[in-house]
Amino acid sequence: MAAHYQIEGSTSAAISASVESGIRSGALAPGDALPAVRALATGLAVSPATVARAYQELRQRGLVVTAGRHGTRVRPRPPVATRRAGLMPPPLPGTRNLSAGQPDRRLLPPLGPHLAALAAEIGAPTGYAAAAVLPELADAARDRLAADGVPAEEITVTGGALDGIERLLAAHLRPGDAVAVEDPGWANLLDLVAALGLRPIGVPVDDDGPTEPGVRAALAAGARALVVTSRAQNPTGAAVSADRAEALRALLAGRSDLLLIEDDHAAELARVPLHPLAGATPAWAFVRSVSKPYGPDLRLAIVAGDEATVSRVAGRARVGAGWVSTVLQRLVLALWRDPVTAELVHRAGESYERRRDGLLAALAARGVTAHGRTGINVWVPVPDETVVVTALRDAGWSVAPGALNRIAAGPGVRITVSALDKADLAPLAAAIARAVRPTAPFGFTA
Ligand SMILES: Cc1ncc(COP(=O)(O)O)c(C=O)c1O
């Protein structure tokens, strides 16, 4: 939709500030088209080069996207806080929300008892001098990663996986550089890449992870970094298999021009073994978040990597945010050490698996192809996202259209199994089958 907001300004800085202000106020909504460069230049009595510079600046900050004949539009989730929208659009009233991509809150370990125990033992307040990665946490992380085959001598801690990935990309790349990302992939990562002014190159994914020809093509196209989700790929549930890891390691071996980032966000929840790529390239990082098994609000991830890469991330943090609170670090350590929590996480993994496999089986029985080898999501390729999302909404289910996850991949919808119970699986699968193939005979009473 073309916007009616009046963009103002006589310099490129003023024009881009005016667009940003329109986005903040909500007058320019995601997807709204900005005027063509020449038309706006004429309207504002400035040169086309001035408007082009303003659009370029907005593009590099991830606020707008220019796509050939579609012109320049506001990005779906521009990185400015707007008065209208939160991070997640609210689910439609009266529908079951399967669109959130969140862990099941019923399955997250309770933090209260661990906070109470910490309160008893935490001692004197920590000042600036003592603040760093807690050696006990680093040791425990090293052991856990080593058990999964990740050589983790060097370790730092970040405020979650995406914070770690942002710091890694910012430390190695410059605006305009290309990053290879999975396609379909994690929407937040695509937003981050745009906000850093980086160029995404989509790498196709199958159930075994990013495809070897896809990574090869991305390297040939000049990718300076590659982000691979180890397990529970969002949205497809893919997990890097042993064979795929071997093929990718051979392809990447010795590539000193590439930063390799692995995102193992499912961590202890993943019920398939890890097949890491860590160490295949001289510059590498392995990021393990605690969000999915232990709770997103802990905002903590471990970043292991080669000495130079980890040192860049830790050193840059030191001159910025400083460190991740040792209170949080102690809490994560307590959760890791607690056998009851380990059992809860184990059971949560089983529960996601049951619900995912149950939905996949119910869909297969109705002839619908879907993916979800690991994690909390099921990805259903569909002919038309809007048709399927609307039909499912009318049947009482909110699911996420894949548009935010895709670059060139085909359409699909993402269904988060966190909110599903066993009794939901058959009616949901039937509704999906009807929505995907509205002309098929399912449910017809002629
Ligand atoms: C692929 C992927 N990585 C990481 C995360 C978690 O990131 P964080 O540690 O920033 O909460 C998610 C959450 O949905 C995800 O889908």
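1. Exposed here stands for over 50% relative accessible area, and buried for under 20%. That cut-off settles the status of A45: its relative accessibility is 71%, so A45 counts as exposed. The model is a predicted one.

2. A45 also deserves a look for its backbone. Its phi is positive, about 55°, yet A45 is not a glycine. The residue sits in the loop between α2 (37-44) and α3 (48-60). For context, most residues other than glycine have a negative phi, and most peptide bonds are trans.

3. A267 is another non-glycine residue with a positive phi, here about 45°. The loop between β9 and β10 holds A267. Is A267 buried or exposed? Its relative accessible area is 3%, so A267 is buried.

4. Two cis peptide bonds should be checked in the viewer. One joins D183 and P184, with omega about 5°. P184 belongs to the loop between β5 (178-183) and α7 (187-195). Another joins N234 and P235, where omega is about 20°. P235 is placed in the loop between β8 (223-229) and α9 (242-252).

5. Now the ligand site. Which residues surround the ligand? They are G160, A161, L162, W186, N234, D263, H265, S289, S291, K292 and R299. N234 is thus part of the ligand's surroundings, and N234 is also joined to P235 by a cis peptide bond. Two helices, α6 and α10 (291-294), each supply at least two residues of this shell.

6. Polar contacts to the ligand come next. In the side chain of S289, an N or O atom is 2.6 Å from a ligand oxygen atom. For S291, a polar side-chain atom is 2.7 Å from an oxygen atom of the ligand. For R299, the distance from a polar side-chain atom to a ligand oxygen atom is 3.0 Å. On its own the ligand has 400 Å² of accessible area, and the protein covers 91% of that.

7. Helix α11 covers residues 307-318. Does its length come out as expected, or where does it deviate? The twelve residues, at 1.5 Å a residue, should span 16 Å; the end C-alpha atoms are 16 Å apart, so the two agree.

8. The same helix has two faces to inspect. T309, V310, V313 and A317 of α11 are buried. These residues cover an arc of only 95° around the axis, which means that they lie on the same side of α11. E307, R316 and R318 are exposed on the other side of α11.

9. What covers the buried residues of α11? The cover includes the strands β4 (154-158), β9 (259-263), β10 (283-289) and β11 (301-305), along with helix α6 (161-172). Helix α6 therefore turns up in two places: it is part of the cover over α11, and it supplies at least two residues of the ligand shell.

10. One last region concerns D143. This residue lies in helix α5 (residues 135-147). Its relative accessibility is 57%, so D143 counts as exposed. D143 and E153 are ten residues apart along the chain, and their C-alpha atoms are separated by 9.9 Å.

Definitions and conventions
Residues numbered from 1 in each chain as written. Predicted model: local features only at pLDDT ≥ 70, side-chain atom pairs only at ≥ 80, totals over all residues. Heavy atoms only, no water. Helix = DSSP H or I, 4+ residues; strand = E, 2+ residues; numbered from the N terminus. Expected span 1.5 Å × (residues − 1). Buried < 20%, exposed > 50% of the residue type's maximum accessible area, 1.4 Å probe, protein only. Arc of directions from axis to C-beta. Contact = heavy atoms within 4.5 Å. Near = heavy atom within 4 Å. Polar contact = N/O pair within 3.5 Å; in protein donor to acceptor, adjacent residues only side chain to side chain. Areas by Shrake-Rupley, 256 points an atom, 1.4 Å probe, with all protein chains shown as cover.
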